[in-house]
Amino acid sequence: MSNWQELEQKYFMHTVERVPVTLVRGEGARVWDEDGREYLDFVGGWAVNSLGHCHHVVTGAVTEQAHTLIQTSNQFYTIPQIRLAELLVQNSCLDKVFFCNSGSEANEGAVKLARRYGKLHRNGAYEVITTMGSFHGRTLAMVAASGQPKFQQPYLPLPASFINVEYNSIEAIKKATTSQTCAVLLEPVQGEGGVNLPDDDYLTAVRAWCDQMGILLILDEIQTGLGRTGTLFAYEQYGIEPDIMTLAKGLGSGIPIGAILAKDRVSVFAPGEHGSTFGGNPLAGAVGYATLKFIIDNDIAGNAGRVGQYLIAGLEGLKPKFQFITDVRGRGLLVALEFNGDIAQSAVMACLDGGLLVNRVKPNALRFMPPLIIGNDEVDEALSILDKALASVAS
Ligand SMILES: Cc1ncc(COP(=O)(O)O)c(C=O)c1O
């Protein structure tokens, strides 16, 4: 058998510290490595496998569409992307859709749309306010948007016009707003930054400020959307509506697809001003449609909310035993467990030993983002492995 991990070292740019396991198969919330060892997957492809691995709805849509039509240029009408756009609009507060291939690309497009709106309706305003600790992607502009020095430092100087301000502070947004501001870009819950929840009134205050100033509110729901936090979109829980929303990750349950959604009055792109070769191609469109339809028809968001509460309660239950746990937080099945020291990597390795995949979101915190179709049984199993893992890390 090939030594895949050695070959990776030889051929890959070293952009990620991988967990030393080579995964070859998945089903539901479980994956298997090349030696046939089974793992319970609470990483879920970084919050992508909304329906788990190789769900029949996804494989069925891939197979059928792969035998029918995979790619045309977007110069032609194709049906799957139109059906998906209709379903997205019918189930959100937004009116128009643009498809692309990833989260970063969706956010880039959203910022372009906001700048185009600024040019047409706000005297050429172009600045975008974002928050510290946010994560909006890896393109150069989205590195500038993401308020995390570790992603920005290697690439200074960055594209101008992104203003990173303190998270969860409406005052900071007010202070940064100028006549050049065209939009505020926010994750409803910061995912990659450590599962950071804002105060309950933060998003309402931001919405009110944007309305008062005539600037756009872009919600990056790439991680929080598609049921992850217990409602189809996280904005529903805050009683506000964005002007623009971006999606990716869970939309294709593993098949790459991203989307920009916008209100009618904000959908100001003219032909030729934005585009994508692969965006919403028939294959991605068909899988996106099948995934979203299944999520809606089976109240997968409700399941994520209920099982997420069960997970949070279970993690809270570990606190008395492991005094080094300092915080449990999250919404739905986007949950973090924080420690008083940098033991997350050891915890990841100990969980791996026990047959559970978890993500080290910060040196002192784990993140759980399992498939949204799991039940309490899988949570019990994960908690039992985690319990033993934390005991071994503590000793
Ligand atoms: C909130 C958020 N926005 C954007 C991105 C970037 O998405 P992608 O990696 O698909 O470009 C991510 C990825 O983790 C994310 O969590």
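In the predicted model, the second largest pocket is lined by 27 residues, and Gln81, Val97, Phe98, Phe99 and His274 are those that lie nearest its centre. The volume of this pocket comes to about 730 Å³. Three secondary-structure elements, namely α4 (79-90), β4 (96-100) and β10 (258-262), each supply at least two residues of its lining. When the lining of the second largest pocket is divided by class, 15 residues are nonpolar, 9 are polar and 3 are charged.

The surroundings of the ligand were examined next. The residues around the ligand are Ser102, Gly103, Ser104, Asn107, Phe135, His136, Gly137, Glu187, Asp220, Ile222, Gln223 and Lys249. Helix α5 (residues 103-121) contributes 3 residues to this shell, which is the largest share. By class, the shell around the ligand consists of 2 nonpolar, 7 polar and 3 charged residues. Polar side-chain atoms of several shell residues lie at short listed distances from oxygen atoms of the ligand: for Ser104 the separation is 2.5 Å, for Gln223 a polar side-chain atom is placed 2.8 Å from a ligand oxygen, and for Lys249 the corresponding distance to an oxygen atom of the ligand is 3.0 Å. On its own the ligand has 390 Å² of accessible area, of which the protein covers 82%.

Enclosed space was considered separately from the open pocket. The count of cavities of 30 Å³ or more comes to 1, and the largest cavity holds about 40 Å³ of space. Its lining is formed by Ala47, Ser50, Ile222, Gln223, Gly225, Leu226, Arg228, Lys249, Gly250 and Leu372. Ile222, Gln223 and Lys249, which belong to this cavity lining, are also among the residues around the ligand; Gln223 and Lys249 in particular each place a polar side-chain atom by a ligand oxygen, at 2.8 Å and 3.0 Å, respectively. The residues that line the largest cavity divide into 4 nonpolar, 4 polar and 2 charged.

A further local feature concerns Pro188, which is located in the loop between β7 (181-186) and α9 (202-213). Because its relative accessible area is 0%, and buried denotes a value under 20%, Pro188 is classed as buried. Although Pro188 and Leu203 are 15 residues apart along the chain, their C-alpha atoms are separated by 7.5 Å.

Definitions and conventions: Residues numbered from 1 in each chain as written. Predicted model: local features only at pLDDT ≥ 70, side-chain atom pairs only at ≥ 80, totals over all residues. Heavy atoms only, no water. 1 Å grid on protein atoms, 1.4 Å probe; cavity = no way out; pocket = protein on both sides within 12 Å on 5 of 7 lines; lining within 4 Å. Points joined across faces, edges and corners; volume = space filled by probe spheres on them. Helix = DSSP H or I, 4+ residues; strand = E, 2+ residues; numbered from the N terminus. Nonpolar A, V, L, I, M, F, W, Y, C, P; charged D, E, K, R; others polar. Near = heavy atom within 4 Å. Polar contact = N/O pair within 3.5 Å; in protein donor to acceptor, adjacent residues only side chain to side chain. Areas by Shrake-Rupley, 256 points an atom, 1.4 Å probe, with all protein chains shown as cover. Buried < 20%, exposed > 50% of the residue type's maximum accessible area, 1.4 Å probe, protein only.
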